[in-house]
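Thanks for coming. I will go through one structure today, and I will keep to helix contacts, aromatic rings and a few single residues.

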Amino acid sequence: MSYDKQLKESQPRLSAFVESHIYNSADASDVIQNVNRVAINKQSSFNANKCFEAWIIGIAKYQI
C-alpha cells in the first residue's frame, strides 16, 4: 500500500485519538494538521515493515 494511501486511511483513527486528548476542536484540528505535516516530511524515514497507524499515533503523542 502506498504511503499516501496509508496516511489517508489513518485519518479517522488519528482524529479520534487526538480529539480524545484535546477537547477544543480548533486545537485538535491544529494538532492533526501538524501530525500530517510531520508525517509527510518524514516519509523517507518511515520503515515500511512497521505499523503505519502506530507510527502516526506516536507522532500525535509527541505533538500533544
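**A loop residue and the helices around it**

Ser10 sits in the loop between α1 and α2. Before I go on, please keep in mind that this is a predicted model.

Is Ser10 buried or exposed? Ser10 is buried, because its relative accessible area is 1% and buried means under 20%. Which residues does Ser10 touch, leaving aside its neighbours within four places in sequence? Ser10 is in contact with Phe52, Glu53 and Ile56.

Next, helices α2 and α4. Helix α2 covers residues 11-21 and helix α4 covers residues 52-63. Their axes come within 10 Å, and the crossing angle is roughly 30°. Angles under 35 degrees count as roughly parallel, and α2 and α4 are therefore roughly parallel to each other. The crossing of α2 past α4 is right-handed.

Which residues make this contact? On the α2 side there are Arg13, Leu14, Phe17 and Val18. On the α4 side there are Glu53, Ile56, Ile57, Ala60 and Lys61. Sorted by class, the contact of α2 with α4 has six nonpolar residues, three charged ones and no polar ones.

Helix α4 also meets α3. The axes of α3 and α4 come within 9 Å and cross at roughly 125°. That angle makes α3 oblique to α4. This crossing, too, is right-handed. From α3, the contact uses Val31, Asn34, Val35, Asn36, Val38 and Ala39. From α4, it uses Trp55, Ile56, Ile59, Ala60 and Gln63. By class, the contact of α3 with α4 has eight nonpolar residues, three polar ones and no charged ones.

If you compare the two lists, Ile56 and Ala60 of α4 appear in the contact with α2 and again in the contact with α3. Ile56 also turned up among the contacts of Ser10.

Now the aromatic rings. How many aromatic pairs does the structure hold? There are six. I will describe two of them.

One is the pair of Tyr3 and Phe52, which is edge-to-face. The ring centres are 5.3 Å apart, with 90° between the planes. Tyr3 lies in helix α1, residues 3-9, and Phe52 lies in helix α4, so the pair ties together parts that are 49 residues apart in sequence. Tyr3 is buried, with a relative accessible area of 9%. Phe52 counts as buried as well, at 5% relative accessibility.

Another pair is Phe52 with Trp55. Their ring centres are 5.7 Å apart and the planes are at 50°, so this pair is tilted. Both residues lie in helix α4, three residues apart, which is about one turn of the helix. Trp55 counts as partly exposed, at 24% relative accessibility.

Which residues form one aromatic cluster? The members are Tyr3, Phe46, Phe52 and Trp55.

Last, a distance. Ser29 belongs to helix α3, residues 25-41. Ser29 is partly exposed, with a relative accessible area of 41%. Where does Ser29 lie relative to Cys51? The two are 22 residues apart in sequence and 23 Å apart in space, C-alpha to C-alpha.

To go back to the start: Ser10, in the loop between α1 and α2, touches Phe52, and Phe52 pairs with Tyr3 and with Trp55. You can follow those residues on the screen.

Technical notes: Residues are numbered from 1 along each chain as its sequence is written. This is a predicted model: local features need pLDDT of at least 70, side-chain atom pairs count only at pLDDT 80 or more; totals for chains, interfaces and linings use all residues. Side-chain values use heavy atoms; hydrogens and water are left out. Axes are lines fitted to C-alpha atoms, for helices over the stretch in contact, and angles run from 0 to 180 degrees between N-to-C directions. Helices (H or I, at least four residues) and strands (E, at least two) are DSSP runs, numbered from the N terminus. Angles under 35 degrees count as roughly parallel, over 145 as roughly antiparallel, 65 to 115 as roughly perpendicular and the rest as oblique. A crossing is left-handed if the near helix is turned anticlockwise from the far one by less than a right angle, and right-handed if clockwise. Contact means heavy atoms within 4.5 Å. Ala, Val, Leu, Ile, Met, Phe, Trp, Tyr, Cys and Pro count as nonpolar, Asp, Glu, Lys and Arg as charged, and the others, Gly among them, as polar. Rings of Phe, Tyr and Trp (its six-membered ring) pair if their centres lie within 6.5 Å; planes under 30 degrees apart count as stacked, over 60 as edge-to-face and the rest as tilted. Buried means under 20% relative accessible area, exposed over 50%, partly exposed in between (1.4 Å probe, protein chains only).
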